[in-house]
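Colleague: I've got this one open on my screen and I'd like a close look at a single part of it. Could you take me through the stretch just ahead of the opening strand, and then work outwards from there?

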Amino acid sequence: MKHVKEDKSVLNLDEASAYLGVSPETMRKYLKDKKVPHKKFGKRYIILKSALDKWLSE
């Protein structure tokens with residue numbers, strides 16, 4: 001499993017899944033179902049670490 005640097009504020013799908021401790025496939029499903037806040041640029045997902053933290057605390 002990859003580790004995410006603490007100071008990184010923008011995550012890709014693999015980094016976000018590692019941060020949450022879920023598989024990339026599960027993370028992709030969360031993103032597709034709009035359960036996790038994100039932006040999509042073409043085929044790439046961009047996830048703000050601060051948005052993940054806020055989502056987790058809700």
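Modeller: Happy to. Let's begin with serine 9, which counts as partly exposed because its relative accessibility is 47%. Keep in mind that this is a predicted model. Serine 9 sits in the segment before strand S1, which covers residues 10–11. If you skip the neighbours within four places in sequence, serine 9 is in contact with Ile47, Leu48 and Lys49. Take the pairing with isoleucine 47: the two are 38 residues apart in sequence, yet their C-alpha atoms are 8.6 Å apart in space. On the wider scale, among contacts between residues at least 6 apart in sequence, 43% join residues at least 24 apart.

Now move over to isoleucine 47 itself. Not counting residues up to four places away in sequence, isoleucine 47 touches Ser9, Val10, Leu11, Asn12, Leu13 and Ala16, and also Leu31, Pro37, His38 and Leu52. Isoleucine 47 also belongs to the largest nonpolar core, a set of nine residues in all: Leu11, Leu13, Ala16, Met27, Leu31, Val36, Tyr45, Ile47 and Leu52. The elements giving two or more residues to this core are H1, helix H2 (24–32) and strand S3 (44–48).

To place those elements, the protein has three helices and three strands. From the N terminus on, they run β-α-α-β-β-α. Of the 58 residues, 26% count as buried.

From the core it's a short step to the helices. Helix H1 (residues 13–20) packs with helix H3 (residues 49–57) at an angle of about 35 degrees, and their axes are 11 Å apart. The way H1 passes H3 is a right-handed crossing. On the H1 side, the residues that meet H3 are Ala16, Tyr19 and Leu20, and their partners in H3 are Lys49, Leu52, Asp53, Trp55 and Leu56. Sorted by class, this contact has six nonpolar residues, two charged ones and no polar ones. Two of the names should ring a bell: Ala16 and Leu52 are among the core residues, and both are touched by isoleucine 47.

While we're in H1, have a look at serine 17, which lies in that helix. Serine 17 counts as buried, because its relative accessibility is 2% and the cut-off is under 20%. Beyond its neighbours within four places in sequence, serine 17 is in contact with Val22, Ser23, Pro24 and Met27. Met27 is another member of the nonpolar core.

Last, the charged pairs. The count comes to two salt bridges. In one, lysine 8 pairs with glutamate 15, and the closest N and O atoms are 2.5 Å apart. Lysine 8 is partly exposed, since its relative accessibility is 31%, whereas glutamate 15 counts as buried because its value is 17%. In the other, aspartate 33 pairs with lysine 29, with the closest N and O atoms 2.7 Å apart. Aspartate 33 counts as partly exposed, because its relative accessibility is 36%.

So, back to where you asked me to start: serine 9 is in contact with Ile47, Leu48 and Lys49. Of those, Ile47 leads on to the nonpolar core, and Lys49 is one of the H3 residues that meet H1.

Note on methods:
Residues are numbered from 1 along each chain as its sequence is written. This is a predicted model: local features need pLDDT of at least 70, side-chain atom pairs count only at pLDDT 80 or more; totals for chains, interfaces and linings use all residues. Side-chain values use heavy atoms; hydrogens and water are left out. Axes are lines fitted to C-alpha atoms, for helices over the stretch in contact, and angles run from 0 to 180 degrees between N-to-C directions. Helices (H or I, at least four residues) and strands (E, at least two) are DSSP runs, numbered from the N terminus. A crossing is left-handed if the near helix is turned anticlockwise from the far one by less than a right angle, and right-handed if clockwise. Contact means heavy atoms within 4.5 Å. Ala, Val, Leu, Ile, Met, Phe, Trp, Tyr, Cys and Pro count as nonpolar, Asp, Glu, Lys and Arg as charged, and the others, Gly among them, as polar. Buried means under 20% relative accessible area, exposed over 50%, partly exposed in between (1.4 Å probe, protein chains only). A salt bridge is a side-chain nitrogen of Lys or Arg within 4 Å of a carboxyl oxygen of Asp or Glu. A nonpolar core is a set of buried Ala, Val, Leu, Ile, Met, Phe, Trp, Tyr and Cys residues joined through side-chain atoms within 4.5 Å.
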